[in-house]
Amino acid sequence: MILRILGWRGIPVPESVRERVPACPDLDLLELWAERAVRATTAEDLFAGE
């Protein structure tokens with residue numbers, strides 16, 4: 001869903017992000033990334049501060 005949100009918003013998603021998001025086993029982290037996807041201006045914004 002995170003990748004879809006970025007796509008719906010017209011934000012280009014590089015292959016590195018396409019691989020990292022589905023590989024994440026941490027549901028809390030995925031929820032954080034989903035919240036960030038709603039406000040992001042780039043796909044890399046998902047990982048801000050990491």
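Is Pro 12 buried or exposed? Let's start there, and keep in mind throughout that this is a predicted model. Pro 12 is exposed, because its relative accessible area comes out at 64%, and the cut-off for calling a residue exposed is over 50%. As for where to look, find the loop that runs between α1, residues 2-8, and α2, residues 15-23. Pro 12 sits in that loop. If you want a distance back to the start of the chain, take Met 1: the two are 11 residues apart in sequence, and their C-alpha atoms are 15 Å apart.

Okay, zooming out to the whole chain. You've got 3 helices and 0 strands, so the order along the sequence is simply α-α-α. The radius of gyration is 10 Å, close to the 10 Å you'd get from the globule rule for 50 residues, so this chain is as compact as a globular protein of that length. In terms of a box along the principal axes, the C-alpha atoms fill roughly 25 × 20 × 20 Å. And of the 50 residues, 28% are buried.

So let's look at a couple of those buried ones. Trp 33 is in helix α3. Trp 33 counts as buried because its relative accessibility is 1%, and buried means under 20%. Now look across to Leu 46: that's 13 residues away from Trp 33 along the chain, yet the two C-alpha atoms are separated by 5.1 Å.

The other one I picked is Ala 40, in the segment after α3. At 3% relative accessibility, Ala 40 is buried too. Measuring from Ala 40 over to Gly 7, we have 33 residues in sequence and 11 Å in space, C-alpha to C-alpha.

Next up, charges. How many salt bridges does a search of the whole structure find? The count is 2. Start with Glu 50 and Arg 20: their closest N and O atoms are 2.7 Å apart. Arg 20 belongs to helix α2 and Glu 50 to the segment after α3, so this pair ties together parts that are 30 residues apart in sequence. Arg 20 itself is partly exposed, at 37% relative accessibility.

Then there's Arg 36, which also forms a salt bridge with Glu 50, and here the closest N and O atoms are 3.8 Å apart. That pair again links distant parts of the chain, with Arg 36 in helix α3 and Glu 50 in the segment after α3, 14 residues apart. Arg 36 is partly exposed, with a relative accessible area of 24%. Put the two bridges together and, through shared partners, Arg 20, Arg 36 and Glu 50 are joined into one network.

Last stop, the surface. Which residues gather in a patch of negative charge there? They're Asp 26, Asp 28, Glu 31 and Glu 35. Take Asp 28 as our example: its place is in helix α3, which covers residues 27-39. Asp 28 is exposed, because its relative accessible area is 61%.

So, to bring helix α3 together before we finish. Helix α3 holds Trp 33, which is buried at 1%. It also holds Asp 28, which is exposed at 61%. And Arg 36, in helix α3 as well, is partly exposed at 24%. That's the tour, and I'm happy to pull up any of these residues on the screen.

Terms used: Residues numbered from 1 in each chain as written. Predicted model: local features only at pLDDT ≥ 70, side-chain atom pairs only at ≥ 80, totals over all residues. Heavy atoms only, no water. Patch = residues over 30% accessible without salt bridge, like charges linked within 9 Å, V, L, I, M, F, W, Y side chains within 5 Å. Areas by Shrake-Rupley, 256 points an atom, 1.4 Å probe, with all protein chains shown as cover. Salt bridge = Lys/Arg side-chain N within 4 Å of Asp/Glu carboxyl O. Lys, Arg positive; Asp, Glu negative; His and termini not counted. Charge placed at Lys NZ, Arg CZ, Asp CG, Glu CD. Helix = DSSP H or I, 4+ residues; strand = E, 2+ residues; numbered from the N terminus. Buried < 20%, exposed > 50% of the residue type's maximum accessible area, 1.4 Å probe, protein only. Rg over C-alpha atoms; globule rule 2.2 N^0.38 Å.
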